[in-house]
Amino acid sequence: MAAASEMDTGLVSEPGPEFLSVPKKRVKRKRKMEPGTGNMETEQPRPCKRPEFPAVSGQQLVDGRDEIRKVAVPAHRYTPLKENWLKIFTPIVEHLQLQVRFNLKTRNVEIKTCKNTQDIGSLTKAEDFVKAFVLGFQVEDALALIRLDDLFLETFDITDVKPLKGDHLSRAIGRIAGKGGKTKFTIENVTRTRIVLADSKVHILGSFQNIKMARTAICNLILGSPPSKVYGNIRAVASRAAERF
């Protein structure tokens, strides 16, 4: 049969030794237990000490390079900036140890670090201070951004809350301001914030929690709630917040 199969295929096998592959047996090696690890209970992690590093000055943080920030000033704020320049200039230079100037060509207030700058974070404080004044806040109110750390600026558009146009937008702005600014002043006093209405923009200065209360009250006025209902809501929220603290 073998000869017949070879003749059919046309191949002739040469005689030679045949090799058979022998499967190898895998030897399982037992892992030796280290001395002292026979107990399965794991050791509790030791509390690591928090590393302490010396304070880094602002000059070392910027590697000797002066950092600069620019705040654009719109045309309607040129005159107030000129009249209050000394009040803006003094805290930035004397308290924050920064350099400041008003560039007449680009119409920007430029704030720059120098070798006397101790804290690099003072550059951000000075920028927020100038930005708050440019948005329309009084210098005394904006100065709180330099003195306190937990104050913020928030800006939103009335049309972000409700898409209003024409007379409807004007009425919404009037509801926020109130007669003679009464509604705005009431919200400011209850929530301990400062509010600036600039066309359809609303700027709020205060702490995070107070900004949240003032924003909620303003949004309710935009959506059409009567001022008396808004007063009651913010007074209830403010009293609960005062009880917590």
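How many helices and strands are there in the protein? The predicted model contains 12 helices and six strands. The legends below describe the overall fold and a set of close-up views.

**Figure 1. Overall view of the predicted model.** Of the 245 residues in the protein, 31% are buried. Among contacts with a separation of 6 or more, 58% join residues that are 24 or more positions apart. The exposed surface of the protein amounts to about 18,500 Å², and 54% of that area is supplied by carbon and sulfur atoms.

**Figure 2. The largest nonpolar core, which has 26 residues.** The members that touch the most other members are Ile88, Ile92, Leu98, Val109, Ile111, Phe129 and Val130. At least two residues of this core come from each of helix H4 (85-95), strand E3 (108-112), helix H5 (122-135), helix H6 (139-142) and helix H7 (144-147). Helix H5 makes the greatest contribution, with seven residues. Apart from this core lies another, of 18 residues, which includes Phe156, Ile176, Val202 and Ala217.

**Figure 3. Surroundings of Val109, one of the members of the largest nonpolar core that touch the most others.** When residues up to four places away in sequence are not counted, Val109 touches Arg69, Lys70, Val71, Val73 and Leu81, and also Val100, Arg101, Phe102 and Val130. Val130 is itself among the core members that touch the most others.

**Figure 4. Phe133 in helix H5.** Phe133 has a relative accessibility of 4% and therefore counts as buried, the limit being under 20%. Neighbours within four places in sequence aside, the contacts of Phe133 are Arg77, Pro80, Leu81, Asn84, Ile88, Val139 and Ala142. Of these, Arg77 is 56 residues from Phe133 in sequence, and the two C-alpha atoms are 8.8 Å apart. Ile88, another contact of Phe133, is also listed among the residues of the largest nonpolar core that touch the most other members.

**Figure 5. Phe156 in strand E4 (residues 152-157).** Phe156 belongs to the core of 18 residues. With a relative accessible area of 10%, Phe156 is buried. Beyond its neighbours within four places in sequence, Phe156 is in contact with Val161, Ser200, Lys201, Val202, Ile204, Arg215, Ile218 and Ile222. Val202 is likewise one of the residues of the core of 18. Between Phe156 and Arg215 the C-alpha distance is 9.2 Å, across a separation of 59 residues in sequence.

**Figure 6. Thr159 in helix H8 (residues 158-161).** Thr159 is partly exposed, at 31% relative accessibility. With residues up to four places away in sequence not counted, Thr159 touches Leu164 and Leu169. The C-alpha atom of Thr159 is separated by 7.4 Å from that of Ser200, which is 41 residues away along the chain. Ser200 is also in contact with Phe156.

**Figure 7. The largest pocket, with about 220 Å³ of space.** The lining comprises 12 residues, and those nearest the pocket centre are Arg192, Asn210, Met213, Ala238 and Ala241. Helix H10 (182-191), helix H11 (208-222) and helix H12 (227-244) each provide at least two lining residues. By class, the lining has six nonpolar residues, five polar and one charged.

**Figure 8. The second largest pocket, with a volume of about 180 Å³.** This pocket is lined by 12 residues, of which Gln209, Met213, Thr216, Val237 and Arg240 are the closest to its centre. Helices H11 and H12 are the elements that give two or more residues to this lining. The lining divides into five nonpolar, four polar and three charged residues. Met213 is named among the residues closest to the centre of this pocket and among those nearest the centre of the largest pocket.

**Figure 9. Two positions with positive phi, Arg192 and Asp199.** Most residues other than glycine have a negative phi. Arg192, in the loop between H10 and strand E5 (194-198), has a phi near 55 degrees. Its relative accessible area of 71% makes Arg192 exposed, and Arg192 also lies among the lining residues nearest the centre of the largest pocket. Asp199 is found in the loop between E5 and strand E6 (201-206), and its phi is about 60 degrees. Asp199 is exposed as well, with a relative accessible area of 63%.

Conventions. Residues numbered from 1 in each chain as written. Predicted model: local features only at pLDDT ≥ 70, side-chain atom pairs only at ≥ 80, totals over all residues. Heavy atoms only, no water. Core = buried A, V, L, I, M, F, W, Y, C linked by side-chain atoms within 4.5 Å. Buried < 20%, exposed > 50% of the residue type's maximum accessible area, 1.4 Å probe, protein only. Helix = DSSP H or I, 4+ residues; strand = E, 2+ residues; numbered from the N terminus. Contact = heavy atoms within 4.5 Å. Areas by Shrake-Rupley, 256 points an atom, 1.4 Å probe, with all protein chains shown as cover. 1 Å grid on protein atoms, 1.4 Å probe; cavity = no way out; pocket = protein on both sides within 12 Å on 5 of 7 lines; lining within 4 Å. Points joined across faces, edges and corners; volume = space filled by probe spheres on them. Nonpolar A, V, L, I, M, F, W, Y, C, P; charged D, E, K, R; others polar.
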